[in-house]
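Morning, everyone. Please have the sequence and the model open while I talk.

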Amino acid sequence: MIVLEKRPQPSKAWSYATPLVAVLATMVFGGILFAILGKNPIQAIGTIFWEPLFGEFAFYYRPQLLVKGAPLVLIAIGLSLGFRAGIWNIGAEGQYIMGAIFGAGAGLAFYPLDAFYVFPIMVIAGAFGGWLWAAIPAFLKVRFGTNEILVSLMLVYVAEQMLASVSLGLLKNPEGFGFPGSRNLQSYESAHNAELIAGSGMHWGVVTALIAVIFAYVLLNRHMLGFHIRLTGEAPRAAKFAGVNPARLILFCLGMSGALAGLAGMFEVAGPSGQVSIDFNVGYGFTAIIVAFLGRLHPVGILLAGGLMALTYIGGEIAQSQLGLPAAAIQVFQGMLLFFLLAFDLLTNYRIRAARNEVA
Amino acid sequence: MTTPLLSLQGLTKAYPGVVANDQVSFDIGEGEVHALLGENGAGKSTLVKMIYGLVKPDSGTMLLRGQAFAPPEPRAARADGIAMVFQHFSLFDALNVAENIALGMENPPAMGDLAARIREVSETYGLPLDPYRTVGDLSAGERQRVEIIRCLLQDPKLLIMDEPTSVLTPQEVDILFETLNKLRSEGTSILYISHKLEEIRTLCDHATILRLGKNVGECVPAETSARDMAEMMVGSTLQTPERSGREFGEVALDVSGLSVPSPSEFGTALKNVHMTVRKGEVLGVGGVAGNGQDELLGVLSGEITTAPDAIKFNGQPIGKLGPTARRKLGVLTAPEERLGHAAAPDMSLTENALLTGSVREGLENNGFLKWAETKSFAEKIISAFDVRTPGPENAARSLSGGNLQKFVIGREVLQNPDVLVVNQPTWGVDAAAAASIRQAILDLAAKGTAVICISQDLDELMEISDSFAALNEGRLSAPRTTTGLTVDEIGLMMGGAHGMEVAHV
């Protein structure tokens with residue numbers, strides 16, 4: 001019989017090795033899945049992981065990796081701060097939408113003014129919108145003890161209604177021939193979150209995501225606030241004993257994750273997407289939860305996980321179009337990745353050994 | 001010669017890294033009260049778990065009345081007439097006594113019949129208990145009665161009791177001993193686990209002493225001095241902490257009219273607590289567990305805030321201040337629960353040193369952490385308090401209880417507190433480590449620190465404290481000078497028998 005035995009302390013080696021092992025296991029079992037579906041598994045896995053980076057059309061796909069990865073990383077970094085402290089913001093999607101509405105709204109308010117300060121104002125407005133949307137569950141939790149998971153999640157649906165409303169009303173393009181959606185910010189120079197180097201996919205959102213990674217790393221490893229965040233997650237009672245003010249921590253963690261999600265939404269609406277529209281949000285806020293855990297709530301891990309997630313998205317799309325793999329199979333493949341990661345995570349704290357038969 | 005009831009022969013049980021029991025052999029006769037004596041970690045629990053079928057021995061045999069006996073699970077042990085009262089009760093607060101007892105039975109009879117049987121058994125053995133009372137309202141002593149009656153209903157041949165007196169006042173202990181004596185006179189054998197020597201001398205016929213998993217001696221307790229037994233148990237000469245005559249300074253901490261509700265649902269509210277501690281004085285706070293000890297520590301650490309004037313430090317009201325502000329002033333605390341409260345289990349010792357040390361040791365600079373300084377602070381604690389660990393990068397949970405306790409106490413002591421509050425400073429710690437912790441507390445007091453030591457170990461409090469007060473249902477008795485206090489007086493301060501009546505049989 002096999003038994004799990006708790007390690008005296010978490011294994012450092014395994015905590016680094018599990019993501020790699022999980023990716024390998026996903027490739028093996030994903031390959032089996034693709035084989036059962038009648039596709040060549042090696043070709044399918046190769047398409048997903050190789051094609052976007054080094055394939056024939058990599059010049060097109062590589063910038064896409066940044067465009068898709070940046071919002072995931074930016075949102076996941078914010079979420080990870082709260083998750084580390086046991087504060088569960090599930091509503092990043094809503095905060096992302098509100099960031100986009102506020103950011104685009106601020107930009108459009110200046111239309112067609114051509115000034116250097118329009119874009120910075122949009123950045124601030126976007127962050128504010130996301131912060132505001134996350135401050136609602138934070139305030140309700142601190143004041144009335146409500147569950148932030150439910151409140152933040154439900155506010156996603158409120159945000160979606162607001163998005164539809166402004167697309168059809170407040171922010172609707174007056175020259176849009178009655179179609180829903182705002183003016184395209186890509187054609188409004190001062191408000192456009194353009195690529196910093198043409199053709200690289202590198203826009204301000206990517207830069208901000210990288211800054212957020214560094215910021216989170218310093219915060220968690222070098223600053224008292226980060227220490228308190230980790231302490232609260234690991235041992236809430238010890239945190240209280242250490243003098244952590246739980247209310248302040250909730251406001252900070254939710255507020256920060258909301259602001260970062262809002263920034264992601266703002267950069268998206270002013271750049272790759274270009275306009276506020278009813279179907280603007282595509283689930284980055286939810287996928288970022290997976291990215292945060294895939295990256296083991298560690299800033300550098302999240303950076304890598306965001307890249308990996310973007311890779312499976314783009315690779316998955318290529319596999320769909322080139323090999324005719326069903327979209328559901330790609331989703332199963334992504335699900336496997338999370339599943340294996342969480343499963344192998346167990347090995348950080350436990351070791352497997354064969355149980356001796358105990359005889360009296 | 002008659003066959004013993006239970007005969008243990010060469011029992012051995014090893015866990016990874018430690019041999020819990022090494023070739024342990026002894027006999028328990030019919031109608032004998034047999035003491036199993038040993039320090040924490042000597043292997044007492046593992047041994048009784050083997051008898052009760054919770055753990056299987058690696059080798060060795062047990063004979064019950066001459067028949068081979070190897071219970072695969074507790075149910076089998078119970079069927080063979082072995083019952084056990086655990087140190088920690090497994091009762092549901094919201095259910096009544098009869099319901100709790102029914103839950104532990106294979107085929108519970110109808111509630112009315114069961115209640116009648118509970119009444120009958122409880123009267124017979126001098127343990128009056130109303131089967132319809134809710135367990136949540138019972139005192140610790142009464143809860144123990146529920147557990148004992150649960151066992152007695154099985155009509156056991158061997159009753160195992162694990163540290164039964166650790167939750168009782170002296171008066172309650174007397175009641176318990178009457179019951180146990182009656183059981184003995186009826187022929188029931190009792191295996192009595194304890195490290196309290198005087199109890200064993202009054203109650204037990206034989207004693208087996210375990211040290212580091214080995215049977216190191218047997219004796220007849222009534223004919224052996226407590227000191228001799230203690231030395232067998234520890235394996236070396238015991239050192240009693242030294243106290244030098246001290247002068248007390250002015251009042252350092254003044255608590256007056258302090259009343260707070262408990263933050264937890266089944267906690268105890270503090271009611272109108274008054275106490276003062278002078279510089280250099282050690283105030284011992286006794287009392288049975290669950291009478292407001294955790295709340296008192298929380299109030300003094302700043303985890304629970306109160307009216308500003310309820311707590312004064314050097315005349316300054318601090319009731320509203322949180323833990324960090326109090327540490328800055330010099331009021332430090334060490335909670336009872338090591339893992340999860342005093343220390344974060346999965347964090348390294350360095351990080352745990354930072355947990356309370358950041359303010360006074362200057363381990364942060366505008367919020368930025370000084371890891372190098374923190375690490376050397378952790379190393380300082382480890383070397384000054386002889387904490388056995390490969391190094392400060394190890395997780396707190398990898399340390400043994402005693403070592404972690406030394407770390408937790410050392411962390412506060414080394415910060416030179418003006419007031420130090422400790423809760424159960426030597427709980428679950430071996431005798432040598434306990435002595436060094438007590439010595440550190442006394443040394444600190446000698447340097448002028450006002451110390452409040454909350455503990456359930458009366459011997460410890462008598463040893464180190466200058467004055468003594470007891471918590472009883474959230475009320476603190478008026479502190480009295482320790483010298484000259486009798487056990488009876490202490491018992492009454494702790495609430496006497498908590499209203500428990502004695503049935504005279």
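I will go through chain A, then chain B, then the places where parts touch. One thing before we start: this is a predicted model.

Let's begin with chain A and its strands. Strand β1 of chain A covers residues 2-6. Five bridges join it to β2(A), and the two run antiparallel. To find the register, look at V3(A): it stands opposite R353(A) in β2(A). Now, how many of the five residues of β2(A) are buried? Zero. Strand β2(A), residues 350-354, is hardly covered.

Helices next. Go to α2(A), residues 41-49. Which of its residues are buried? A44(A), I45(A), T47(A) and I48(A) are. These buried residues span an arc of only 160 degrees around the axis, so they sit on the same side of α2(A). And what do they pack against? Three helices of chain A: α1 (12-36), α3 (51-54) and α13 (299-323).

Compare that picture with α5(A). It has 18 residues, and 16 of them are buried. So much for its cover; now its length. From first C-alpha to last, α5(A) reaches 25 Å. The expected figure is 26 Å, at 1.5 Å a residue, and the helix comes close to that.

Move along the chain to the loop between α5 (92-109) and α6 (118-144) of chain A. P112(A) is in that loop. Look at the bond between Y111(A) and P112(A): this peptide bond is cis, with omega about 5 degrees. Why point it out? Because most peptide bonds are trans.

Past the loop, in helix α6 of chain A, stop at V123(A). Is V123(A) buried or exposed? Count the neighbours. There are 22 C-beta atoms inside 10 Å of V123(A). The cut-off for buried is 20 or more. So V123(A) counts as buried. Which residues does it touch, leaving out those up to four places away in sequence? L263(A) and M266(A). You can also check V123(A) against M98(A): they are 25 residues apart along the chain, and their C-alpha atoms are separated by 12 Å.

Now chain B. An automatic or database assignment divides it into domain 1, residues 6-234, and domain 2, residues 251-493.

Start with the sheet whose order is β2-β1-β4-β5. It is an open sheet of four strands, and the pairing is antiparallel. Which strands stand at the edges? They are β2 (18-28) and β5 (67-68) of chain B. Each has a single partner strand, so one side of each is left without a neighbour in the sheet. Inside the order, β1(B), residues 6-15, pairs with β4(B), residues 59-64, over five bridges. There, S7(B) stands opposite L63(B).

Next, look at the sheet with the order β12-β11-β14-β15 in chain B. This is an open sheet of four strands too, with antiparallel pairing. Its edge strands are β12 (270-278) and β15 (316-317), each pairing on one side only. Three bridges join β11(B), residues 251-260, to β14(B), residues 311-313. One pair to click on: D254(B) has K312(B) as its bridge partner.

Two backbone angles in chain B deserve a look. Most residues other than glycine have a negative phi. E163(B) has a positive one, near 45 degrees. It lies in the loop between β7 (158-162) and α6 (170-185) of chain B. With 17 other C-beta atoms within 10 Å, E163(B) is partly exposed. Then there is Q424(B), with a positive phi of about 50 degrees. Its loop runs between β19 (419-423) and α14 (431-446) of chain B. Q424(B) has 23 C-beta neighbours inside 10 Å, so it counts as buried.

Last topic: contacts. How far apart are the centres of the two domains of chain B? Taken over C-alpha atoms, 33 Å. In contact are 12 residues of domain 1 and 13 residues of domain 2. The domain 1 side has five nonpolar, five polar and two charged residues.

Between the chains, 19 residues of chain A are in contact with 29 residues of chain B. Which elements of chain A give two or more residues to that side? Helices α9 (224-234) and α10 (236-242). By class, the chain A side has 11 nonpolar, three polar and five charged residues.

That's my tour. Over to you.

Methods. Residues are numbered from 1 along each chain as its sequence is written. Chains are lettered from A and ligands numbered from 1 in the order in which they are written. This is a predicted model: local features need pLDDT of at least 70, side-chain atom pairs count only at pLDDT 80 or more; totals for chains, interfaces and linings use all residues. A residue is buried if 20 or more other C-beta atoms lie within 10 Å of its own, exposed if 12 or fewer, and partly exposed in between; C-beta atoms are placed from the backbone. Two strands pair if DSSP finds at least two bridges between them. Two residues are in contact if their C-beta atoms, placed from the backbone, lie within 7 Å. Ala, Val, Leu, Ile, Met, Phe, Trp, Tyr, Cys and Pro count as nonpolar, Asp, Glu, Lys and Arg as charged, and the others, Gly among them, as polar. The expected span of a helix is 1.5 Å times one less than its number of residues. The arc is that of the directions from the helix axis to the C-beta atoms.
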